[in-house]
Amino acid sequence: MTDLLYSETEDDLRAAVRSLVDARGDRAALAARAETGSPGDPQLWTSLAAGIGAAGLLVPEKLGGQGASHREAAVVLEELGRGVVAAPYLTSSVVATEVLLALGTETEAQAGLLGALAEGRRTAVVAVPLSTAPDGPLPDGGGRVSGVADAAGADVLLVLRADGLYAVEAAQAEVEALTPLDLTRPLAAVTAPDGGTLLADVAAGEAAVRRGLLAGAGLLASEQLGLAEWCLEETVRHTGERHQFNRPVGSFQALKHRMAQLWLEVVSARAAARAAADALATGSPEAPLSVAVAQAYCSRVAVHAAEECVQLHGGIGMTWEHPAHLYLKRAKADEIALGAPGRHKEVLAGLVDLRAP
């Protein structure tokens with residue numbers, strides 16, 4: 001039976017990550033860094049990846065990881081979404097790590113790279129556009145691949161070519177920074193050179209990449225959940241403190257109804273996100289179904305929560321100084337990341353044999 005509750009270990013992990021994000025995740029500083037094109041905080045990433053050990057949650061202990069599961073990684077992403085943190089956790093510690101795990105650790109190159117990722121010494125990204133769905137078309141690695149998330153700061157690129165999956169040093173590739181909607185998750189166009197370390201043949205490589213994208217899509221729902229929770233809590237706080245006509249604006253019935261509806265959506269999103277994380281953690285054959293449900297639902301909830309946060313903050317919500325715009329842009333970018341909601345609905349319909357009229 002699907003376990004939607006958080007364990008004591010997961011609650012302790014959440015407390016540690018939230019404490020770190022609260023201490024170092026200053027949103028005003030994040031907005032300032034985002035304008036420079038380098039939104040990440042290296043010290044925060046080092047503390048998260050190596051200090052807490054979050055980068056190695058999916059990696060077995062024998063390879064230097066924590067030997068945990070997707071459930072714990074989902075908790076980390078909830079907190080990173082809540083703080084709209086600019087860090088390569090989803091792309092490196094989830095997607096790229098899952099790709100390498102799907103290949104196995106038969107070779108020294110795979111085991112060595114997994115160990116480096118787990119310890120936070122290196123980061124890796126899969127050279128596919130961020131918008132690529134788990135069942136979508138994959139680039140063959142030839143030529144320029146646009147829209148690759150976190151490629152500019154990565155150490156290793158996992159490149160799928162016509163003859164197999166390769167690990168290529170990012171320093172050897174041409175990485176051209178792009179201007180994304182969400183400045184806290186940098187995108188780049190990547191042109192990888194020939195060569196690199198062959199990790200698997202093309203069939204095994206493609207299957208591993210799709211597995212990584214599936215895990216990424218499933219755990220992205222947890223990031224969207226954390227984002228929506230912060231937007232709701234911040235909106236409730238603001239409307240409780242902001243007064244008009246000698247009473248808190250949050251006491252007006254129209255606003256109460258909007259926030260109550262949003263609370264119901266967030267609670268439902270939590271159930272969907274936890275179901276996807278649990279299905280991935282247990283290796284359930286229904287993981288693709290759970291992921292499709294989570295992405296189709298949580299994407300919409302995150303965008304709605306961010307829109308309500310901006311609107312119900314009134315004039316201040318429209319300013320650059322307030323972080324609401326960071327959450328709205330992240331929510332809109334996440335909405336099309338790893339497959340748009342419409343794509344996931346099509347997958348869901350196919351899995352449950354719900355045919356169009």
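**A walk from the pocket to the sheets**

Helix H2 (27-36) and helix H3 (42-51) are a good place to start, since each of them supplies at least two residues of the lining of the largest pocket. Keep in mind as you look around that this is a predicted model. Of the two helices just named, H3 is the one to look at for the lining: it gives the most, with 3 residues. The space in this largest pocket comes to about 560 Å³. There are 24 residues lining it, and the closest to its centre are Ser38, Pro39, Gly40, Gly153 and Pro186. What kinds of residues make up the lining of the largest pocket? They split into 14 nonpolar, 7 polar and 3 charged.

Now zoom out to the stretches that carry a label. UniProt, in an unreviewed entry, lists residues 7-119 as "domain: Acyl-CoA dehydrogenase/oxidase N-terminal". In the model that span is 67% helix and 0% strand, and its end C-alpha atoms sit 24 Å apart. Further along, the unreviewed UniProt entry places "domain: Acyl-CoA dehydrogenase/oxidase C-terminal" at residues 207-348. Here the chain is 79% helix and 3% strand, with 20 Å between the end C-alpha atoms.

On to the strands, beginning with a sheet of 3. It is an open sheet with the order E2-E6-E5, and the pairing is antiparallel. Which strands form the edges? Those are E2 and E5, each of which pairs on one side only. Going from one strand to the next, the twist averages 30°.

You can trace this sheet pair by pair. Strand E2 (residues 144-149) runs antiparallel to strand E6 (residues 187-191), with 4 bridges between them. To find the register, pick out Val145, whose bridge partner in E6 is Val190. Then step across to strand E5 (residues 174-177), which also pairs with E6 in the antiparallel sense, over 4 bridges. Two pairs help to line these strands up: Glu174 has Thr191 in E6 as its bridge partner, and Ala177 stands opposite Ala188 in E6. If you are following side chains along the way, remember that in a regular strand they alternate between the two faces of the sheet.

The next sheet has 4 strands. This one is open too, in the order E1-E3-E4-E7, but its pairing is mixed. Strand E1 (124-126) and strand E7 (197-200) are the edge strands, each pairing on one side only. The twist from one strand to the next averages 30° here. For a parallel pair, look at E1 and strand E3 (residues 156-161), which are joined by 3 bridges. Ala124 is a handy marker, as it stands opposite Val156 in E3.

What packs on this sheet? Helix H5 (residues 89-103) does, touching E1, E3, strand E4 (164-169) and E7. The direction of H5 makes about 75° with that of E1. Helix H6 (residues 108-118) is there as well, lying across E1, E3 and E7. Against E7, H6 runs at about 95°.

Note on methods
Residues numbered from 1 in each chain as written. Predicted model: local features only at pLDDT ≥ 70, side-chain atom pairs only at ≥ 80, totals over all residues. Heavy atoms only, no water. Pairing = 2+ DSSP bridges. 1 Å grid on protein atoms, 1.4 Å probe; cavity = no way out; pocket = protein on both sides within 12 Å on 5 of 7 lines; lining within 4 Å. Points joined across faces, edges and corners; volume = space filled by probe spheres on them. Nonpolar A, V, L, I, M, F, W, Y, C, P; charged D, E, K, R; others polar. UniProt positions renumbered as here; feature names shortened; annotations may be inferred. Axes fitted to C-alpha atoms, helices over the stretch in contact; angles between N-to-C directions. Contact = heavy atoms within 4.5 Å.
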